[in-house]
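Reader: I'd like to learn how to read a fold like this one, feature by feature. Can we walk through it together?
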Amino acid sequence: MTSKKRLGEAFGHIAQAEKCMKTSFFKWNPDLDGAISEYIKAATVFRNVKALSEARDAYVKAAELQQRMNDPFHAAKSYEQAGFLSKENNEIEKAVNFMEHATQMFQEHGTPDTAALCMDKAAKMVETTHPSKAAELYQRACEIAELEDKSRQCAEFIGKAGRLLIRLQRYDEAISSLKKEIDFLKAAENYDQIKKVVIGLILLLLHNGDYVAAEQFFNSAISYTSFPESEEAAAMETLLSAYDEGDEDEARRILALPLIKYMDNVFAKLARDLVIPGGVKKNKAQQKGTTDAGNGALGGVLDDEELEGGLC
């Protein structure tokens, strides 16, 4: 069947749906079920021939009638389909609005798990183009999941929000999100993932120039199950010490470890871009604590710049 004939078929379903909605002397009430069925049939045909706007509108009409019939679950599914079609048609704002409406319907139906997943889908739609909106949607997904004590889901959603907030350089909000992620991971007893988030949070605090907060957080993390004896804990302890002492060589050695280098991209980038305050690259003689005979009276070794410039 040609596209033109298929379009004719779809518009035929629309006409039939409108007929179902008409009343007369012998038909007092509209046939809502019949109209919904025809709108969904029309949407399917429109979609198959890539008439995306028409397909979206047909799903919206079906959703409105499903709401009228007090059927929030199926209304939510129809709004969700309208959202997918809007995204496919590059109508991002409409897509998110329909997904938010679908989420509300799922919540009204009493299916919060499905509502949270709908928010997750909406956030994924705009992660690249509208990261700020995506972070907001992930936070809302977390809030919905939290109502049902879904700790694993909460950790996943708030973690995604936190990583987007880092990309947006909204560091204080990102720090708060990562701390919440750890709390949810503790509730879910996902101790391996906690270690990774601890590293990410310490890197973020150092990137934000707050060594004191990073050290305090590390000290509190020692209480986490299986963290104190882990390689992550040893690495962070060494990094904090090197950062505090301005030992750039040692800090870069830790930051280049596979357990940091192959983390999530946002954390790996924090590691690559981390500035070591007063960073000093030490030569082997300095690392061993040896001194040059000409400088022994100063109790240490001067760096190359000082040696070249003299002792004024």
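Author: Sure. Let's start with a small backbone detail: just after helix α9, Glu 189 takes a positive phi of about 60°. Keep in mind that this is a predicted model.

Reader: Okay, and what about α9 itself: what span should its 17 residues have?

Author: The idea is to compare an expected length with the end-to-end distance. Helix α9 covers residues 171–187, and at 1.5 Å a residue it should span 24 Å. Its end C-alpha atoms are 24 Å apart, so the two agree.

Reader: Which residues of α9 are buried?

Author: They are Tyr 171, Ala 174, Ile 175, Ser 177, Leu 178, Glu 181, Ile 182, Phe 184 and Leu 185. Note that Ser 177 and Glu 181 are in that set.

Reader: And which helices do those buried residues pack against?

Author: The partners are α7 (131–147), α8 (151–167), α10, α11 (211–221) and α15 (265–273).

Reader: Let's zoom out. How many helices and strands does the protein chain have?

Author: There are 17 helices and zero strands. Of the chain's 312 residues, 43% count as buried. Among contacts with a separation of 6 or more, 55% join residues 24 or more positions apart. As for the surface, the chain exposes about 16800 Å², and carbon and sulfur atoms supply 49% of that.

Reader: Now the interior. In the largest nonpolar core, which residues touch the most other members?

Author: That core has 100 residues, and the ones touching the most other members are Ile 166, Val 198, Ile 202 and Leu 206. Helix α10 (residues 191–207) gives the core its largest share, 10 residues.

Reader: Take Leu 206: what is it in contact with, beyond its neighbours within four places in sequence?

Author: Leu 206 is in contact with Tyr 211, Ala 214, Leu 239, Leu 240, Tyr 243 and Leu 274.

Reader: On to aromatics. How many aromatic pairs does a search of the whole structure find?

Author: Generally, a pair of aromatic rings is described by the distance of the centres and the angle of the planes. Here the search finds five pairs. In one of them, Phe 11 and Phe 46 have ring centres 5.1 Å apart and planes at 75°, so the pair is edge-to-face. Phe 11 sits in helix α1 (residues 3–21) and Phe 46 in helix α2 (residues 32–48), 35 residues apart, so to speak a link between distant parts of the chain.

Reader: Are those two rings' residues buried or exposed?

Author: Phe 11 is partly exposed, with a relative accessible area of 47%, while Phe 46 is buried at 1%.

Reader: What about Tyr 79 and Phe 98: is the pair stacked or edge-to-face?

Author: Their planes are at 20° and their centres 6.4 Å apart, so the pair is stacked. Tyr 79 lies in helix α4 (residues 72–88) and Phe 98 in helix α5 (residues 92–109), so the pair ties together parts 19 residues apart in sequence. Tyr 79 is buried at 4% relative accessibility, and Phe 98 is buried at 16%.

Reader: Back to helix α3 (residues 52–68): is Gln 66 buried or exposed?

Author: Gln 66 counts as buried because its relative accessibility is 5%, and the cut-off is under 20%. Leaving out residues up to four places away in sequence, Gln 66 touches Ile 36, Ile 40, Asp 71, His 74, Ala 75 and Ser 78.

Reader: One last spot: where is Arg 6?

Author: Arg 6 is in helix α1 and counts as partly exposed at 23% relative accessibility. The C-alpha atoms of Arg 6 and Val 49 are separated by 7.3 Å, although the two residues are 43 apart along the chain.

Technical notes: Residues numbered from 1 in each chain as written. Predicted model: local features only at pLDDT ≥ 70, side-chain atom pairs only at ≥ 80, totals over all residues. Heavy atoms only, no water. Core = buried A, V, L, I, M, F, W, Y, C linked by side-chain atoms within 4.5 Å. Buried < 20%, exposed > 50% of the residue type's maximum accessible area, 1.4 Å probe, protein only. Helix = DSSP H or I, 4+ residues; strand = E, 2+ residues; numbered from the N terminus. Contact = heavy atoms within 4.5 Å. Expected span 1.5 Å × (residues − 1). Areas by Shrake-Rupley, 256 points an atom, 1.4 Å probe, with all protein chains shown as cover. Phe/Tyr/Trp six-rings, centres within 6.5 Å; stacked < 30°, edge-to-face > 60°.
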